[in-house]
Structures are given as structure tokens and as C-alpha cells.
Amino acid sequence: MGPCERTSGRRWRCIAALAVLLVQLSQAQTNPLQASCSADSIQYGIVYPHYDDTTGKNPTAAFISAPVQSFLHTVQPKPFPKDLIQEVYQDVQKITSDQAVIRKVLQYEIGFLVCAAIGILYIVLMPIVGFFLACCRCCGNCGGSMYQEQTAAIQCRRRTLYWSVFVTTAIILAGNICMYRSNQALKQSVENGFQDVNLTLGNVETFVAALPKQANGVLDESRKVIGAVTENIDAVGPQLGSAIQARIRETVDPTLESVGQVDRETKNIDQQVKDLNSMLTMLEDNMLDHQTGVDAVKNDLNAILSKPECDRCSNINVDLTLPDSKNKPSMSQFQSALDKIIEINLTSIITEADNHVNGIPETVTAETHNVAEMTKTELELISDLSGQIDLSFLSSLDDMLNQASRELDKATPLVEKAEQIRWKVSIAVCCVVLLVVVCNILGLFLGPVGLQHSEDPTKRSRTADCGGTFLMMSAGISFLFSWLFMIIVLILFILGGNVYTVLCQPWSEGQLLEFVDSLDLVSQLGLTTASGDKIQFNISGVYSDCQRNQSLWWTLRLDRVVDLETVLNISKYTSGIEEEFGKLDFSLSDFTLMTPTNKQELNKISAESVDFSAVRQQTSNINALNLNSTANQLEQLADDQANGQIKTEILAQADQIRQIQSNIEMTIFPLLERLKSAMTGLETTINGLNGSVADLLRNVDATQTFLNTQTSPIVKTESQEFLKCQIGYIVAYLNWARLAITEQVGQCGPVANAVDSVETVLCSNLTQSLNAFWFSLGWCTVFFIPSIILTIKLAKYYRRMKYSDVHE
């Protein structure tokens, strides 16, 4: 290799080493090993309370709601009088003292007043008319005379009256059935109403009681993040140290692998050199043995050829010299350099480097002890989060609900007793109406059954007369009770009709809640926090939000009371931790991967080479040895001898020479092939060692530069990654806490359900049942009038007359 080639080789080695160093530096700066951070693996959650289901709407109560509501809309077509109610609400005494207010009330209630006037007229006139009718009939007038004129149209009139009474009775019977159904629906609504109201209050109480539990549950979840971060801080050595260790091993391990490779190659070369020397010694010994045999043959042959009897023996030249086998390659310098490398013990370098890298976690643990303790102290700020969210305003809500529950419990027995009385009275009323219907039915049945068309009115059967009597009883009962029924209808109409028009209808249309908002009842509730701040909210807005099951945070606008962004400000809880980790400044102990002396010895062995040319020439000469040509020459000489003894002796020497050649081919030639292979293998291994040593020295220089310049940046980078992971736990919790408090805690669907349940109990069940009852009773009472008139007229066609009238 010439000087120029050596210079070019060094240049390319320098360029390659620089490239390796730049790659390692770029990996250290731009591709940090990201430690596995399981901040998102922690599962947070809150407990949702269980709410009882209410009965819901009573389908029986709404069976005639359409005609009832249509009638009420006709009676009261005016819109909800929010201005009038608000004026009365501000001063209740105006309703009795202020003429303008009284006038407005009367104008609003004009429809009910007209109906009430009709009802009062009915109440007054029905007993008066009944009294005078009775007196008139007693005097033989008003159909009271027991005489019936027989005319040609009598049958037609009787049939007309009969079917008119039949239709009227059917209508009254239908109304009576509706009375029974509405009465039972009202009874069921009252019974279920208390249960539903209790369940509703219970659900609201559960909701209010669950609010602090849910809020505290959100705050208690901070224990998970504190525990996780504390556990990581306690294990900062294994975690941070392992990350730093992994980053350093990315560069150190390939270099240590190169050291191991060179160590294995040097040991392999040492063994190959020993094997080569052993084969050369064996070759020399074997050649010496064969040379002894050749010398003996040569001496014997010279003695034979020198005899006078040997013809033409003086002219023959026999070559029986074996090639020299004492040449050996000069490996003293190479062996010395190889021995130096083995004495260095490259395995100890690998062990020492491994021990240094493996000790990084312990070093990190010792260096970060104080920082870890200060960080755990900073974590206590998160556990104090509960004291920064004020939930004291919930106590006033809870007190209100408890008071309402107590009042409901007190009123329940009284209402149940009153309901029993009401139900019995209603049943009695239904029975009276049914009695009228039964009398009509019996009259309609018995009258035609006992009547003979051609029979004299004075001779009508008892059956027909009984039918007429039942019809008169129906008229008498109707006169007797109809005005009382109208009183009931009037009272329930005024009550139930106004409840529907003033309360239920605006409630279902959303006007009632808007009106309540205008009364500013929220401020009168006095809901305040511990700091004295009032809780301001809009009732209709709350109801709308609660129907969508939104949280109380936005429903009650608690963001105006609690500055959640300040409470859950991430920097508030992480700044201290970041500050403590910012103080973290430590470096790993300096470590020399390979001493300059060791590098010098490696450079020496890479500069040494072994010359095998003399040995190869020697083996080539031995390979070219052919004693058989000498034996052939002796055999020709033997053929020319006349003396048989000489001939025999020459042939014997020729055979010995051939035997020696055969022995050489059997022993020496295979050994020569092994020797050639060993030299070739050793030469290849030495050349490979030179390349491995060059790579090793480049890697060692690059790795040493990396350790000297990049260890501190790696420590900083991985420390920041570890800090980022721990802050990630805190950020994940605070984000979840913000979401839970604003979206999940206090989902007020139960509040909207409670309002809907009260509306269902009061309006859909109780009011509809009550209105259905008075509507059905009024229906029957109104049709008592045509029933009275028709039954009195029809009765005369079935009763037995005292005076006869002969039809001409």
C-alpha cells in the first residue's frame, strides 16, 4: 500500500467517524426517547343517584277532556291575566277594596259569571217550578186531571214522546256513566297524587342531597392523581434514571458491541496463530523423519553405484534432497501486539461500562431526593381544592324541601279523610242520577208492555199504570234533586274551571313559569352562598335547561358565584412543581470508555501484518516434490545391468524411494493443505480485525464525545419529559374536574321531572277528573229539564185514568 493510499484511507475514516458523531448528536437532540406516560389511564367518575319513578298520567282522567276543555275555552277565551295577577300579588287587599281591580276581575271572569248566573237561575227556578207544578197538578190542572182525550193522533204522540224520553234517558245514562268514571278517576288521582308528590319530593331531596356528594366526589378523585404522581415521584430514580439510561445505551451499546467483536476476533486470531505454529512444527518433524529415510537410501545407493560391477553407474546423477521445511512466518511483533490486546482484557471494559450505565437510576435517586420531597409538598395544594368551592347554598334548598315534606305529611290524613267524604257524596249523587235513569227505563219498559192500544184509559193494566208511575217518580226525583246537583256543578265549575284556565293551561303552554319569573320569587327564596352572594337564576330557563338534563352549574349560573377558572387554574397547581424541577441540576459522573494506552495498542495491532510468502514458497516446493522420477531413473539403470545382484539391489532402492514418496503424499501433502487453509483463514481474520479495530476506534471516539457533551442535555431533556408526564396527570384531572362540575354534577333532569310530575298530578289527573265530574253532572242536570217535561207527558199515556173518553 502506497503513501497516497494510506492518506486517502485515513481521510475516509475521519469522515466516517464525523458522520457517526453527527448522527448520534442529532438523535440526542431531536429524537428523545419518550417514556411511557399513563396519565390518561386513570379513570375518574362520579356516582349518579337513583330516582324513583312516579305513576304518571291517569289515562281514565282524560277520557272526556276534549269536550270539557272546548267548553272551558268557550267560557274563557281570554289570555292568561298575568298583569292582573301580578297586581293582586303585590297587594292582596286590592281584590276587595280597589274597585278598578274588582272590575278587571269581573271582566276577566265574565264567562264564568254568565254561566254562574244561569246556574243560579236554575237553582232558584227548579224548586219553584216544581212546587207550582205540583200544586197545579193537585188542582187538576197542568196535566193533573185523570182524563185523557182519545184522538186519532194519540198513538203518534205517544210514540213521539216515548222515543224522546228514550233518547233523553240514554243521554242522562251516558252522563251518569261519565260521572262514575270521573269520580273513580278523581279518587285514583288523589290516592296516587300523594304517592307521586312524596316520590317527587323524595327525588328532589335525593337530587339536592346528591349534589354535595357528587361535588365532593369530584374533589375526592384528586386522591387518585396525587397518589399516581406521588408514586412516580417516589420512583423517580427507576423511571427518570431508566429513561436516561435508555438514551445513553442507544449510543453506548453499539460501541460495546464493537469492543466485544474485537475481543472475540483477537482471541480467535490467538488460537489460529497457535494452531498454525503447531502445524508448522508438525510439518518440520515429519519432513525431518522423511529426510532421514531419504539419507539412508542415498547412502545405500551411492555404495551400490560405486561398485565396479555396476555398468554405466558412474554417469548417473541421483537427486535425493528434500525441500527445506524450517521456514516460518515472522509473527513476533504481531504476536506481541496481540498479547498486549489480550492483556488489556476488553471484556472488563464492557463490564465497567455496563456497571456505569446500570448505576444511573441509583445516581438519579440520590440527586433528586430533595426535589421529590418538595414536589410532594406542592401536591397537597390539590387536596385543598374542596375548600375553594362553596356549596353552602344547598342547605337552604334542603330546608325548604324538608319543610314541604313535613307539611305534606301533616295534610295527607286530612285530605284523605275529605276525599273519602267527597267520594261517598259523589257516589250518592251518581246513584240519584242513576235512580232517575232507572225510573225512566222501568217506565219505558212497563208502560208499553201493559198497554193495549184499543183499551179504555180507565181500564189500563196495572203494569202500564206502574210504568206511568215510574215516569212520574223520575220527574219528581229530578225536581227534588236537580237544583242541589246544580249547586254542586256550580261550585266545582267555578273551582275546576278557573284552576284549568288560570293555572293548568298557562302551565302547559309555558306562560306560568314566565309569569313566576316576573314576580322575582327567586330573590325572595334567599339562596345565598357562605360569602353572602345571592344565587340569581331564571325559573323558566332553569326548567328548560333541566328538561335537557343539564347541570346546575350552567342552569343556576354558578359561574357568577364561583370562579371555576381560577379554582382550577392549571398553573396554580403546577407552577410550584415546575419550579422545583427547574432547580434540578445534576450530571452523571465522568466515564472514560477506553484509555489512550488501550487505543494505542489497538492502533499497533491494526498496523501490524504477517508475511506468509516464505512459508507459501516452502509449501509449494514440498508440494512439487516427486521422488518417483528418481525411482524411474534407477529402474532404467537396473535394466542395463548384466549383474543380477546389482540389478536386484538397484531395484530395491528404487522401491524404497517410491515408498518414501508414497509416505510423503499420505502424511505431508494433507498437512500442507491444512497449513494453506490455516494461513488463508488467519490472513482473512487479521484483515477483518484491522477493519473491526478501525470501526471500534471510530465508535469509541464518537461515543466518548457523546458522553462528554450530551449527558447533561439528556438529563435535562428526560427530566423535562418526566415533569411533563407528572403535570399531564394533574392537567388530565383538572380538565376532568372542570368537565364534571360544569356538565355532570347536578344534572337537573329530576327537577324538571318533579315540575312535570306536579303538573301531571294537579292538572292532568286531579283537575281533569274534577272537571270531567262536574261536566258530566251538569250534563245530566241540564237534561233533567226535557226529561221532566217528557216523562210527565208520557206518563199520562200509561197511567189508569179515572174518566173515560170514547173515540168517535
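Visitor: What makes Cys504 and Cys763 a disulfide?

Guide: Their sulfur atoms are 2.1 Å apart. A disulfide here is a pair of cysteine sulfur atoms within 2.5 Å, so the pair Cys504 and Cys763, at 2.1 Å, passes. In chemical terms, a disulfide is a covalent bond between the sulfur atoms of two cysteines. One thing to know early: this is a predicted model, where local features need pLDDT of at least 70 and side-chain atom pairs count only at pLDDT 80 or more, while totals for chains, interfaces and linings use all residues. Residues are numbered from 1 along each chain as its sequence is written, and side-chain values use heavy atoms, with hydrogens and water left out.

Visitor: Where do Cys504 and Cys763 sit along the chain?

Guide: Cys504 is in helix α15 (residues 462-508) and Cys763 in helix α26 (residues 749-795), so this link joins distant parts of the chain, 259 residues apart. Helices (H or I, at least four residues) and strands (E, at least two) are DSSP runs, numbered from the N terminus. By that count the protein has 26 helices and 0 strands.

Visitor: Which way is the link of Cys504 and Cys763 handed?

Guide: Left-handed, with -90° about the S-S bond. Both cysteines, Cys504 and Cys763, are buried. Buried means under 20% relative accessible area, exposed over 50%, and partly exposed in between, with a 1.4 Å probe and protein chains only. Of the 808 residues of the protein, 43% count as buried.

Visitor: How many disulfides does a search of the whole structure find?

Guide: It finds 2. Besides the pair above, Cys546 is joined to Cys748, S to S 2.1 Å. That link is left-handed too, with -110° about the S-S bond. Cys546 is in helix α18 (residues 539-547), while Cys748 is in the loop between α25 (644-744) and α26, 202 residues away. Cys546 and Cys748 are both buried.

Visitor: Why is the sulfur of Cys430 without a bond to the closest cysteine sulfur, in Cys431?

Guide: Distance is the reason: the two sulfurs are 6.8 Å apart, and that is too far for a bond. Cys430 has a relative accessible area of 0%, so it is called buried.

Visitor: And what keeps the sulfur of Cys780 from a bond with the closest cysteine sulfur?

Guide: The closest one, in Cys178, is 7.9 Å away, too far for a bond. Cys780 also counts as buried, because its relative accessibility is 0%.

Visitor: What makes Asp545 and Arg548 a salt bridge?

Guide: A salt bridge is a side-chain nitrogen of Lys or Arg within 4 Å of a carboxyl oxygen of Asp or Glu. Asp545 and Arg548 come to 2.6 Å, N to O, so they qualify. Side chains of opposite charge can pair when their charged atoms come close. The structure holds 6 salt bridges.

Visitor: Why is Asp545 called buried?

Guide: Its relative accessibility is 15%, so it falls on the buried side of the cut-off.

Visitor: Which salt bridge partners lie in helix α25, 3 residues apart?

Guide: Glu673 and Lys676 do, about one turn of the helix apart; their N to O distance is 4.0 Å. Asp695 and Arg698 do as well, at 1.9 Å, N to O.

Visitor: How do you know whether Asp695 and Arg698 are buried or partly exposed?

Guide: Check the percentages. Asp695 has 35% relative accessibility, so it counts as partly exposed, whereas Arg698, at 18%, is buried. Glu673 is partly exposed because its value is 47%, and Lys676 is partly exposed at 30%.

Visitor: Which residues form a nonpolar patch on the surface?

Guide: Ile120, Leu121, Val124, Leu125, Ile128, Val129, Phe131 and Phe132, with about 750 Å² of accessible area together. Patches are made of residues with over 30% relative accessible area and no salt bridge: like charges are joined within 9 Å, nonpolar side chains (Val, Leu, Ile, Met, Phe, Trp, Tyr) within 5 Å. Areas come from the Shrake-Rupley method with a 1.4 Å probe; for residues, only the protein chains shown count as cover. Val124, in helix α6 (residues 110-138), is partly exposed because its relative accessibility is 43%.

Visitor: What is Ile427 in contact with, leaving aside its neighbours within four places in sequence?

Guide: Tyr180, Asn183 and Gln184, where contact means heavy atoms within 4.5 Å. Ile427 is in helix α14 (residues 394-450) and, at 21% relative accessibility, counts as partly exposed.
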